[in-house]
Amino acid sequence: ATATCALDAVESSAAEIVDVLAVVKAADDCREVVSTKLGGKQLYKRELSLVDRGLVEVRLALWGEAAKKDVDWPGTVILARQVKIQEYNGAKTLTALRSSKLVYPA
């Protein structure tokens, strides 16, 4: 089982798989992006800004069907299971994988 990670620990962690419990502070609109890694395949992406009780903010990228879900994200408590810590433009971010699960009130 993966341990739940505080968002401040994300900043000091390497590329690993973690679970995080946080509140969605803001959500970008779902948009289509073209993946150069996947030979020009079109993907759906939405980024969420997550904040935990330590007031640390980290971005979480959702892909595919998870990105397309019409949820009133701001203020929603979310448990993001099995998400990957990555570095993008010098900042640590989280990205949902195919194996990731998002748990939140419906």
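This passage walks through a few strands, a surface patch and one tryptophan in a predicted model.

Strand E1 makes a handy starting point, as it has a partner in both E5 and E3. E1 covers residues 17–27 and runs antiparallel to E5, with six bridges joining the two. One facing pair here is Val18, which sits opposite Val83 of E5. The pairing of E1 with E3, a strand made of residues 41–51, is antiparallel as well, and it counts four bridges. In this case Val24 is found across from Leu50 of E3.

Next comes the surface. Leu21, Val23 and Val77 together make a nonpolar patch of about 230 Å². Val77 belongs to strand E5, which spans residues 77–88. With a relative accessible area of 43%, Val77 counts as partly exposed, because that label takes in values from 20% up to 50%.

Trp73 tells another story. This residue lies in the loop that links helix H2 (65–68) to E5. Its relative accessible area is just 1%, so Trp73 is buried, the cut-off being under 20%. Setting aside neighbours within four places in sequence, Trp73 touches Val24, Ala27, Arg46, Leu48, Leu62, Ile78 and Tyr104. One of these, Val24, is the residue already met opposite Leu50. Another, Leu48, is 25 residues away from Trp73 along the chain, and the C-alpha atoms of the two are 8.1 Å apart.

Terms used. Residues numbered from 1 in each chain as written. Predicted model: local features only at pLDDT ≥ 70, side-chain atom pairs only at ≥ 80, totals over all residues. Heavy atoms only, no water. Patch = residues over 30% accessible without salt bridge, like charges linked within 9 Å, V, L, I, M, F, W, Y side chains within 5 Å. Areas by Shrake-Rupley, 256 points an atom, 1.4 Å probe, with all protein chains shown as cover. Salt bridge = Lys/Arg side-chain N within 4 Å of Asp/Glu carboxyl O. Buried < 20%, exposed > 50% of the residue type's maximum accessible area, 1.4 Å probe, protein only. Pairing = 2+ DSSP bridges. Contact = heavy atoms within 4.5 Å.
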